[in-house]
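Reader: Could you walk me through this one, a question at a time? I'd like the reasoning along with each value.
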Amino acid sequence: MEISPDAIIIFKWNGIHLNATIIFTWVVMAILFFISWMATKNLTIGPKISRWQNFLEVIIGYIRQQVKEITQQNPDPFIPFLGSLFMFISLSGLLTIIPGFQPPTGSLSTTSALAICVFFAIPIFGIAKKGARAYFKHYLEPSIFMAPFNIIGDFSRTLALAVRLFGNVMSGTLIVAVLLIITPLFVPIVMQILGLLIGQIQAYIFTVLATVYIASATRVESKPEQINQEEGSKEDE
Amino acid sequence: MLIDSFTVIAQIINFLILIYLLKRFLFNRIIKIMDDREMQITDQMKDAETAKEEAQKELEEQRRIREELQEKWNEMLAQAKKDARKKRDELVKDARSKIDEEQKNWKEAILKQQTAFLRDLRHLSCEQVCQISRKVLSDLAGEKLENQLIENFLVQLGKLSKKEKDDFVRFIGKDEQKLWVNSSFRLTKEKESEIRKTLEDVIGDKVEINFKVSPDLICGIETRTEGKKISWNIENYLDGLEEQLKKAFTEISFQELDVEKKKTE
């Protein structure tokens with residue numbers, strides 16, 4: 001019995017070995033792409049819209065609202081990154097309902113990759129928003145002696161992100177697998193439902209944490225009234 | 001080892017590709033559409049607000065116009081009522097004056113008829129009285145009415161006082177010195193000479209005396225100059241009768257009028 005889908009090697013060629021994680025990631029990506037493509041093929045602003053469009057609008061509208069509430073900024077620059085994170089993790093969790101599907105988020109490699117993306121996204125957004133000088137200055141606060149701890153904090157939270165998601169998803173899958181051995185009838189179904197719920201909650205937690213980190217990196221603390229003015233002007237538009 | 005470096009790198013690349021694809025095909029489009037829709041809705045609401053305001057204005061305008069029209073209408077109605085009242089008063093006045101005039105004409109016509117009737121009656125009465133008298137006289141006394149008339153006329157002439165005689169003479173024309181004796185019947189020569197003699201006794205023989213038959217007298221005889229006459233005829237008796245008749249007619253016609261008035265009321 002495998003803990004990680006990484007161990008399931010499907011194709012091996014010249015040192016490149018395609019394992020189940022990558023394959024199922026592609027599956028999730030393909031489904032996401034297909035849905036997006038289908039839904040956005042003929043978008044309308046009229047009162048009559050397609051169900052897919054409506055569905056995606058609801059999800060994206062909700063993501064926007066959440067991100068806006070957390071960051072207190074215009075959410076649009078962060079949406080592609082945070083939205084992709086959420087939708088990828090969420091769909092991976094959802095697809096566990098299909099027998100034989102191994103969620104790519106149940107692999108520590110995948111969660112590490114996502115956490116690394118978040119790790120690099122934070123300074124990218126921060127520097128883009130405030131400039132490199134202002135961004136790196138916050139490592140020296142409240143005093144220069146806190147800089148190592150700030151840096152360690154950055155790494156540790158990235159590690160926590162990766163391990164938290166991996167642990168939850170992997171445990172969900174593993175519990176079902178174990179229960180199938182012990183009590184094959186009914187109980188695994190309940191646990192699977194619980195696993196679905198946990199998958200969605202983890203998708204939410206991962207995305208919200210990433211949002212909070214990015215928000216803290218992009219927030220201009222010294223001039224709060226300026227933020228308010230920007231917000232006000234954007235809302236006016 | 002739970003972390004496979006190749007898988008991590010592959011997953012990072014996969015995730016970056018996913019971000020690109022979703023950004024390109026999903027987020028940008030959907031967000032644009034959502035913003036567009038929001039803007040459209042805002043515009044529509046603004047338009048609706050404007051339209052509502054305009055409608056409100058229009059409504060106010062309409063209300064104002066309606067009130068004005070109502071006011072005008074009331075004024076016109078009042079004016080029309082006033083005019084109608086005035087017209088009615090005029091018409092009533094006209095009708096009243098016409099009725100008064102008709103009444104007047106009617107009264108005049110009645111009076112004319114009455115007068116004509118009385119004249120006819122007088123004439124008829126005279127003739128009747130004459131005939132009856134003539135007959136009575138001839139039947140009872142064997143005398144002619146005419147003879148009696150002449151007798152009496154002569155007696156009257158003889159009875160004239162000095163003053164009356166002078167009055168009479170004074171009226172005889174100075175130049176022509178003419179005197180007429182009118183009678184309703186032809187006089188015999190004897191009677192003519194008798195009358196001539198009596199007149200000459202009264203007024204002297206200087207005047208010329210002419211005899212003439214005048215049917216207007218009905219029954220009687222008279223002597224007249226330019227301005228004065230002495231007559232003896234039946235008409236003198238009939239004046240009283242005429243007065244009585246006139247009075248009686250007036251009373252009858254007034255009674256009829258009263259009855260008609262009561263009927264119309």
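Reader: How many residues apart are E61(B) and R64(B) in helix 1 of chain B?

Author: This is a predicted model, so keep in mind that everything here is computed from it. The side chains of E61(B) and R64(B) meet in a salt bridge, 3.0 Å from N to O. Both residues lie in helix 1 of chain B, about one turn of the helix from each other, and that puts them 3 residues apart.

Reader: Do those two count as buried or partly exposed, and what is the relative accessible area of R64(B)?

Author: Burial needs a value under 20%, and exposure one over 50%. E61(B) has a relative accessible area of 33%, so it is partly exposed. R64(B) is partly exposed too, and its relative accessible area is 40%.

Reader: Which residue does R63(B) meet in a salt bridge?

Author: R63(B) has a partner in helix 1 of chain B, 3 residues apart, so about one helical turn separates the two. R63(B) is partly exposed at 36%, and the partner counts as partly exposed at 41%. The N to O distance is 3.6 Å, and the partner is E60(B).

Reader: Over in chain A, what is the N to O distance between D154(A) and R157(A)?

Author: These two are 3 residues apart in helix 6 of chain A, so they sit about one helical turn from each other. D154(A) is buried, and so is R157(A). Their side chains meet in a salt bridge, and the N to O distance is 3.3 Å.

Reader: How many salt bridges are there over all chains?

Author: Across the interface of chain A and chain B there are 2. One bridge joins D35(B) and R64(A), at 3.3 Å from N to O, and R64(A), D76(A) and D35(B) are linked in a network of salt bridges. Searching the whole structure, over all chains, gives 8.

Reader: How much area do chain A and chain B bury between them?

Author: In terms of contacts, 48 residues of chain A are in contact with 30 residues of chain B. M29(A), I45(A) and E57(A) supply 17% of the area that chain A buries against chain B, more than any other three residues. Carbon and sulfur atoms account for 76% of the buried area, and the total is about 3,500 Å².

Reader: Which element gives the largest share of the side of chain A that touches chain B?

Author: There are 9 residue pairs in polar contact between the two chains, with both residues at pLDDT 80 or more. On the chain A side, strand 2, helix 1, helix 2, helix 3 and helix 4 each supply at least two residues. That side divides into 26 nonpolar, 16 polar and 6 charged residues. The largest share is 11 residues, and it comes from helix 1 of chain A.

Reader: Is R37(B) buried or exposed, and what is its relative accessibility?

Author: R37(B) is found in helix 1 of chain B. Its contacts include T44(A), I45(A), G46(A), I49(A), Q53(A) and E57(A). The cut-off for burial is under 20%. R37(B) therefore counts as buried, with a relative accessibility of 15%.

Reader: What are the ring geometry and the class of the F119(A) and F155(A) pair?

Author: There are 12 aromatic pairs over all chains. F119(A) lies in helix 4 and F155(A) in helix 6 of chain A, so this pair ties together parts 36 residues apart in sequence. F119(A) is partly exposed at 22%, and F155(A) counts as partly exposed at 49%. The ring centres are 4.9 Å apart and the planes are at 35°, so the pair is tilted.

Reader: Which residue of chain B is linked by ring pairs into a cluster?

Author: Ring pairs build this cluster from residues of both chains. F78(A), F81(A), F88(A) and F125(A) belong to it. They are linked with F15(B).

Reader: What does Q73(A) join through its side chain in a polar contact of 3.5 Å?

Author: Q73(A) is found in the loop between helix 2 and helix 3 of chain A, and it is buried, with a relative accessible area of 6%. Its C-alpha atom is separated by 8.3 Å from that of A215(A), 142 residues apart along the chain. The polar contact joins the side chain of Q73(A) to that of K129(A).

Key:
Residues are numbered from 1 along each chain as its sequence is written. Chains are lettered from A and ligands numbered from 1 in the order in which they are written. This is a predicted model: local features need pLDDT of at least 70, side-chain atom pairs count only at pLDDT 80 or more; totals for chains, interfaces and linings use all residues. Side-chain values use heavy atoms; hydrogens and water are left out. Helices (H or I, at least four residues) and strands (E, at least two) are DSSP runs, numbered from the N terminus. Buried means under 20% relative accessible area, exposed over 50%, partly exposed in between (1.4 Å probe, protein chains only). A polar contact is a pair of N or O atoms within 3.5 Å; within protein, one must be able to donate a hydrogen and the other to accept it, and residues adjacent in sequence count only if both atoms are side-chain atoms. Contact means heavy atoms within 4.5 Å. Buried area is the accessible area (1.4 Å probe) that two parts lose on being put together, summed over both. A salt bridge is a side-chain nitrogen of Lys or Arg within 4 Å of a carboxyl oxygen of Asp or Glu. Ala, Val, Leu, Ile, Met, Phe, Trp, Tyr, Cys and Pro count as nonpolar, Asp, Glu, Lys and Arg as charged, and the others, Gly among them, as polar. Rings of Phe, Tyr and Trp (its six-membered ring) pair if their centres lie within 6.5 Å; planes under 30 degrees apart count as stacked, over 60 as edge-to-face and the rest as tilted. Lists of a residue's contacts leave out its neighbours within four places in sequence.
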